[in-house]
Amino acid sequence: MLRFIVRRLLQLIPILLGLSVLLFAWLRALPGGPAQAALGERATPEAIAQYNELFGLDEPLYVQYFRFLGRAVQLDFGNSTQYGRPVTDVFLERFPGTIELTVLAMVFAIGVGIPLGYLAARRHGSFLDSASVIGSLIGVAIPVFFLAYLLRLLFAVELGWLPGSGRQDVRIDATRVTNFYVLDGLLTREWDAAWDALTHLVLPAIALGTIPLAIIVRITRASVLDVVNEDYVRTANAKGLAMATVRRRHIVRNALLPVSTTIGLQTGLLLSGAVLTETVFAFGGVGSTLYDAIRLRDFAVLQGFILMLAVVYVLVNLLVDISYGLLDPRVRVR
Amino acid sequence: MQAPVLEVEDLAVRFTRRGEQPTRAVDGVSFSVAPGETIGLVGESGCGKSVTSLAIMGLLPRRGVEVTGSVRFDGNDLVDAPDHVLRGLRGADMGMVFQDPLSSLNPTVPIGTQVTEVLLEHREMSKAEARDEATRLLDRVGIPDPGRRLKEYPHQLSGGMRQRALIAMALACAPRLLIADEPTTALDVTIQAQILELLRELVVDSGTALVMITHDLGVVAGLCDRVHVMYAGKIIETADRHDLFTRPRQPYTGGLLASVPRLDSTRGAPLTPIRGSARDAIPWSEGCAFAPRCDNAQDDCLTEVSGSTVPLVPDGPGRELRCRHPLEHPSAPSGATASGAAR
């Protein structure tokens with residue numbers, strides 16, 4: 001098991017190296033470049049040359065790359081041009097927001113999706129079944145930014161039930177400990193701050209959770225339909241077990257194997273930043289930060305964030321693989 | 001003769017699907033089993049023998065399936081019994097062993113849990129007691145090192161072990177009726193013999209009534225007291241094992257016996273299979289379903305000539321037959337060769 005984890009972590013190295021080369025080349029290939037972005041479109045060639053010399057951008061690309069790499073391994077991705085602070089600090093401030101959002105979105109998607117998918121399968125061909133299939137098709141097909149706008153318009157602007165932007169009301173003077181706003185509120189016993197941060201999460205989490213929800217419903221339904229026809233479910237019934245035992249131990253347990261993979265992959269995707277949703281709700285997570293960084297050509301933030309998100313994505317996938325081994329003894333790594 | 005544990009009378013199973021012609025998988029099947037008795041339900045795949053067993057256990061899906069007739073267990077009819085009554089009987093008083101032991105075991109649950117769950121469901125036992133009992137059961141069905149096996153998963157066991165584990169589960173609560181649906185089909189020949197021997201011992205030891213469902217005449221010869229041969233959903237011949245092997249009356253039974261390779265036949269001599277396949281069967285309402293494949297078939301095997309479908313009628317002591325032109329056996333041959341060859 002430990003060897004498996006170490007091997008997977010070692011695989012991270014070539015992935016990150018390759019990604020960093022691509023990123024570096026891609027950003028340098030963008031029209032304009034860092035100097036133009038920093039000094040504006042009217043900068044004189046002399047000013048640009050001076051800027052490039054100042055930041056070492058006149059040196060050969062491979063020299064720049066290795067200098068970048070040398071700092072990156074020490075988690076130093078330079079300073080953000082838009083915030084004037086180290087990229088790592090910005091990341092540590094913004095990423096907790098995205099984690100909170102992802103967790104709530106997945107809780108919503110799993111909490112609604114698995115029971116709904118199960119019921120749809122057990123009432124195969126019923127109205128509920130058809131409704132869940134059609135509903136999940138709509139859920140997958142609807143553009144997330146459109147849904148986000150609709151939710152915000154209805155529940156924040158028109159009805160005013162929930163806040164429609166930001167991570168916390170600016171009038172709340174909350175103490176920051178971990179940058180997880182809900183957690184901070186709980187840790188410092190500032191209940192109103194925690195509650196306010198939580199209400200700020202609800203709408204974006206629903207918007208963000210819709211696609212995972214739709215996918216989870218469909219996969220759970222298909223998987224349960226498969227499993228109920230398995231011989232071992234017949235065996236369980238032949239043993240005269242109570243329906244609840246058959247359902248829990250023999251149907252759901254096996255039906256959730258493919259669902260768990262989906263949950264892991266979707267969690268990884270959401271963690272790497274929901275650019276559209278976060279932008280609509282002006283939610284200060286990594287998604288909206290990336291959006292701003294692209295708009296303002298904040299290359300340091302782009303490089304740093306994308307590399308760190310890649311690490312997160314690989315780690316989440318590793319967790320999925322490990323959990324799959326725990327769930328299914330047949331693929332348990334030895 | 002003790003009172004039968006299970007009496008099946010005029011059992012019929014129809015599969016009805018929306019927009020499709022209903023199909024009769026089982027039609028007018030009657031038989032009974034007494035404690036300590038082993039009966040065989042024999043026939044080709046698709047003849048309705050497995051559906052019969054699932055209907056007895058109440059394991060057929062409720063939707064799209066119509067079960068009529070009666071299945072009396074200890075005199076109580078199970079066909080219309082509510083789900084909770086059936087769940088109370090299954091596992092406790094009637095056990096079932098299935099064909100493919102790998103797919104019949106839950107891959108994500110340890111063997112031990114799959115054995116103890118039956119005990120915990122039907123017996124007043126603590127978890128520790130159930131665990132001890134499970135160890136004892138695995139030991140009884142011949143699984144070595146049962147304590148360790150309890151913690152293992154189905155994929156870690158060999159095919160024979162898995163089938164033994166399934167038998168242990170079916171026998172956990174000492175049922176009075178055991179239905180074994182092709183329990184040896186998925187196993188190696190040597191393992192087959194072991195499993196059959198195990199089943200035989202269990203029947204002898206505990207007086208369990210055993211319904212053996214098989215297409216393998218060797219299994220029948222080795223295990224069954226009485227045999228019911230099924231074809232296209234109906235019983236076409238019933239006889240004691242010895243009579244069936246020595247003097248088969250239904251041409252289909254005769255064909256089954258003849259198609260078994262015999263050790264004493266000339267090398268290179270062609271086998272004698274039954275013509276065609278089970279798909280060539282005609283509906284019983286049009287006559288004898290086997291007629292299209294039968295060498296003895298004559299015009300009156302068809303309803304349009306004879307005016308009635310072929311009935312199942314008594315045919316000598318302890319025998320029943322559904323055939324208008326049965327095989328004749330003028331002088332009874334010695335039974336030893338026929339049954340010996342079938343084994």
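## Parallel strands in chain B

In this predicted model, D181(B) has I213(B) as its bridge partner in β8(B), where strands are DSSP runs of E with at least two residues, helices are DSSP runs of H or I with at least four residues, and both are numbered from the N terminus. The strands concerned, β7 (residues 177-181) and β8 (residues 209-214) of chain B, run parallel and are joined by five bridges. Residues are numbered from 1 along each chain as its sequence is written, while chains are lettered from A and ligands numbered from 1 in the order in which they are written. Because the model is predicted, local features need pLDDT of at least 70 and side-chain atom pairs count only at pLDDT 80 or more, whereas totals for chains, interfaces and linings use all residues.

Both strands belong to an open sheet of eight strands with mixed pairing, in the order β6-β7-β8-β3-β9-β10-β12-β11 of chain B; two strands pair if DSSP finds at least two bridges between them. At the edges stand β6 (94-97) and β11 (313-314) of chain B, and each has a single partner strand, so one side of each is left without a neighbour in the sheet.

## The antiparallel sheet of chain B

A further open sheet, of four strands, has the order β2-β1-β4-β5 in chain B, with antiparallel pairing. Its edges are β2 (23-33) and β5 (76-77) of chain B, each paired with a single partner strand, so that one side of each is left without a neighbour in the sheet. Strand β1 (residues 6-15) of chain B is joined by eight bridges to strand β4 (residues 65-73) of chain B, the two running antiparallel, and within this pair E9(B) stands opposite S70(B) in β4(B). Helix α1 (residues 49-57) of chain B packs on the sheet and touches β1, β2 and β4 of chain B, with a direction that makes about 110° with that of β1(B); contact here requires C-beta atoms, placed from the backbone, to lie within 7 Å, and the angle, on a scale from 0 to 180 degrees, is taken between N-to-C directions of axes fitted to C-alpha atoms, for helices over the stretch in contact.

## Residues with positive phi

Most residues other than glycine have a negative phi. In strand β1 of chain B, D10(B) has a phi near 55°, a positive value, and D10(B) is exposed, with 11 other C-beta atoms within 10 Å. A residue is called exposed if 12 or fewer other C-beta atoms lie within 10 Å of its own, buried if there are 20 or more, and partly exposed in between, with C-beta atoms placed from the backbone.

In chain A, N179(A) lies in the loop between α7 (144-158) and α8 (181-187), and N179(A) also has a positive phi, near 75°. N179(A) is partly exposed, with 16 other C-beta atoms within 10 Å.

## Chain A and the nonpolar cores

Chain A has 14 helices and zero strands, and its C-alpha trace spans about 85 × 55 × 40 Å along its principal axes. Of the 334 residues in chain A, 36% are buried.

The largest nonpolar core, a set of buried Ala, Val, Leu, Ile, Met, Phe, Trp, Tyr and Cys residues joined through C-beta atoms within 7 Å, has 146 residues, and those with the most contacts inside this core are I216(A) and A168(B). Helix α9 (residues 191-228) of chain A gives the most to this core, with 18 residues. Beyond neighbours within four places in sequence, I216(A) is in contact with residues including A109(A), I110(A), V259(A) and I263(A). Apart from this core lies another of 16 residues, among them F95(A), V286(A), L290(A) and L309(A).

## Interface and confidence

The contact between the chains takes 20 residues from chain A and 25 residues from chain B. On the side of chain A that touches chain B, α10 (231-238) and α11 (243-271) of chain A each supply at least two residues, and α10(A) gives the largest share, six residues.

The model scores ipTM 0.85 and pTM 0.79. Chain B averages a pLDDT of 86, with 95% of the residues at 70 or above, pLDDT being the predictor's confidence in each residue, from 0 to 100. Among the elements of chain B, strand β3 (residues 38-42) has the highest mean pLDDT, 93, and helix α12 (residues 335-342) the lowest, 41. Over residues 332-343 of chain B the pLDDT is below 50, and this stretch has 26 contacts in the model beyond near neighbours in sequence.

Note on methods
Two residues are in contact if their C-beta atoms, placed from the backbone, lie within 7 Å.
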